[in-house]
Amino acid sequence: MAQEDVFKKLVAHCKEYGYVFPSSEIYDGLSAVYDYGQYGVELKNNIKKYWWDSMVLLNENIVGLDSAIFMHPTIWKASGHVDAFNDPLIDNKDSKKRYRADVLIEEHIAKIEEKINKEVDKARERFGAAFDEAKFRETNPRVTANQTRIDEINRRFSEALNATNLVEIKQIIIDNEIVCPISGTRNWTDVRQFNLMFSTEMGSTSEGASKIYLRPETAQGIFVNFLNVQKTGRMKLPFGIAQIGKAFRNEIVARQFIFRMREFEQMEMQFFVQPGTELDWFKKWKETRMNWHQALGFGSENYRFHDHVKLAHYANAATDIEFKFPFGFKEVEGIHSRTDYDLKQHQEYSGKKMQYFDPEKGESYIPFVIETSIGVDRMFLQVISAAYFEDIIKKEDGSTDTRIVLRLPAFLAPVKLAVMPLVKKDGLPEIAEKIVQNLKFDFNCQYDDKDSIGRRYRRQDAIGTPYCITIDHQTIDDNTVTIRYRDSMEQERVSIDKLTAIIKEKVSLQTLLKQL
Ligand code: GAP
């Protein structure tokens, strides 16, 4: 099945099974804003717990914070967001559609890369084991010509971005004959800068309301509280502050479901270190964060680093962790070595010292910062796209059936177990209810007695419930039930009094945290 179709099915599945709904749907929705349903909110909370515990529980020198969304407007001046948190936008005059000019260029480059990869795949098939990919890429005339095109576009693009040269960005689009995907024409407006921050007013107009912003990242809340936490927590460098919270961006091109939203949630950690040690810590956090992702078991081949060649003016190293979504490798998390830029800026704009007194060195200085920043919603999309499977099952009569299953890691699954009486009589429902009453203090359980047992299993597979417990007539005789495993569909007979211990071990987040 084409990856585009898989993605469409995934989006439909999220809605049908109570994971994600379009916001304000009865009013035809609100673009790039989504609500999480009864299962979505559980999965989201479990993802957040995995992140939070891996930061705050596992590291004695990392503490949490919950700063307000509204902040003093000068913070965004100091951070550079008022002047520079812009995207270059361009409109197509025929379709009236608006695009991010940089995205149009990046997508054009991706198309040329795709051509190269197709050429390489064909050659690999032709030459088999003897194929030398590096040599082929260096010598094949079609590949080298396309690579030269990419290098040239990248060179011009990078220079234009560095110089904020909007005329040149438009010229790159024209020179490369990039067309609007809707109208197919090259009838473009000029490129303009568009600030991504949402603003509102605080206080009533009669009192003189002031313009404030909805935060576009949670990080600044950490920077401005850096000394509060350091002093009250008696923290010594290196130490980190972790925060989970909402962020808002007026994205020009908001699409791909919850990948790029206007209201989203971030999990950010700023790690404060001695100047000069930042690149070692950057390396360490790169490894730590990649391990965190790969520990979920979705296959290491689905992750890669994308080291930034062009660095933001405040960074001296930056990388993205990318995941292979159904629409290609895309960023899930950013890791940035932000130098002392943010703290220095806040010191200058607030007039307050943002320095740390180092008792070992006997001197004060502004620490350097390594940031790890991941979107909860993007991580949610990563998890759910990796977990979504359509299994073809062979039935006894030779026909086939499709089973849709979310192979979520057990500790992330919204419902850990479903408890089902085989029939709605003979005292089986009562036994099932009793089991739920006992287990509900430890796990998110669901009681289900509607429809055939097969249909009930399928419903649980579709929401990713890892274990189904079935109560049958044998239960009355010997107090045993069957556990049915979602992924293998195998069943095992176990004693009721062992259920808590068995399931606890399987759904434990601790097991995973111990691997990190
Ligand atoms: N403090 C650094 C920062 O905000 P970023 O690369 O702009 O860096 C970090 O964002 C992460 O936040 C991204 O890797 C992504 O996971 C998430 N993110 C950013 N914009 C988003 C959006 N519009 N919708 C959903 N997630 C977003």
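The following questions and answers introduce three parts of a predicted model.

Residues are numbered from 1 along each chain as its sequence is written, and side-chain values use heavy atoms, without hydrogens and water. In this predicted model, local features need pLDDT of at least 70 and side-chain atom pairs count only at pLDDT 80 or more, while totals for chains, interfaces and linings use all residues.

Visitor: How far from Glu-278 is the nearest side chain of opposite charge?
Guide: Glu-278 is buried (under 20% relative accessible area, 1.4 Å probe, protein chains only). Glu-278 has no salt bridge, that is, no side-chain nitrogen of Lys or Arg within 4 Å of its carboxyl oxygens. The nearest side chain of opposite charge belongs to Lys-361, and the distance is 10 Å.

Visitor: Which residue's backbone nitrogen does the side chain of Glu-278 reach?
Guide: Glu-278 lies in helix H11, residues 278–294, where a helix is a DSSP run of H or I of at least four residues, numbered from the N terminus. At 2.7 Å, its side chain reaches the backbone nitrogen of Gly-276.

Visitor: How far apart are the end C-alpha atoms of helix H2?
Guide: Helix H2 covers residues 38–57, and its 20 residues at 1.5 Å a residue should span 28 Å; the expected span counts one less than the number of residues. The separation in the model agrees with this, at 27 Å.

Visitor: Which residue of H2 that is buried does Leu-408 touch?
Guide: Leu-408 is found in the loop between strands S18 and S19, and it counts as buried because its relative accessibility is 1%. Leaving out residues up to four places away in sequence, its contacts (heavy atoms within 4.5 Å) include Val-383 and Ile-463. Also among them is a buried residue of H2, Leu-43.

Definitions and conventions
Helix = DSSP H or I, 4+ residues; strand = E, 2+ residues; numbered from the N terminus. Buried < 20%, exposed > 50% of the residue type's maximum accessible area, 1.4 Å probe, protein only. Lys, Arg positive; Asp, Glu negative; His and termini not counted. Polar contact = N/O pair within 3.5 Å; in protein donor to acceptor, adjacent residues only side chain to side chain.
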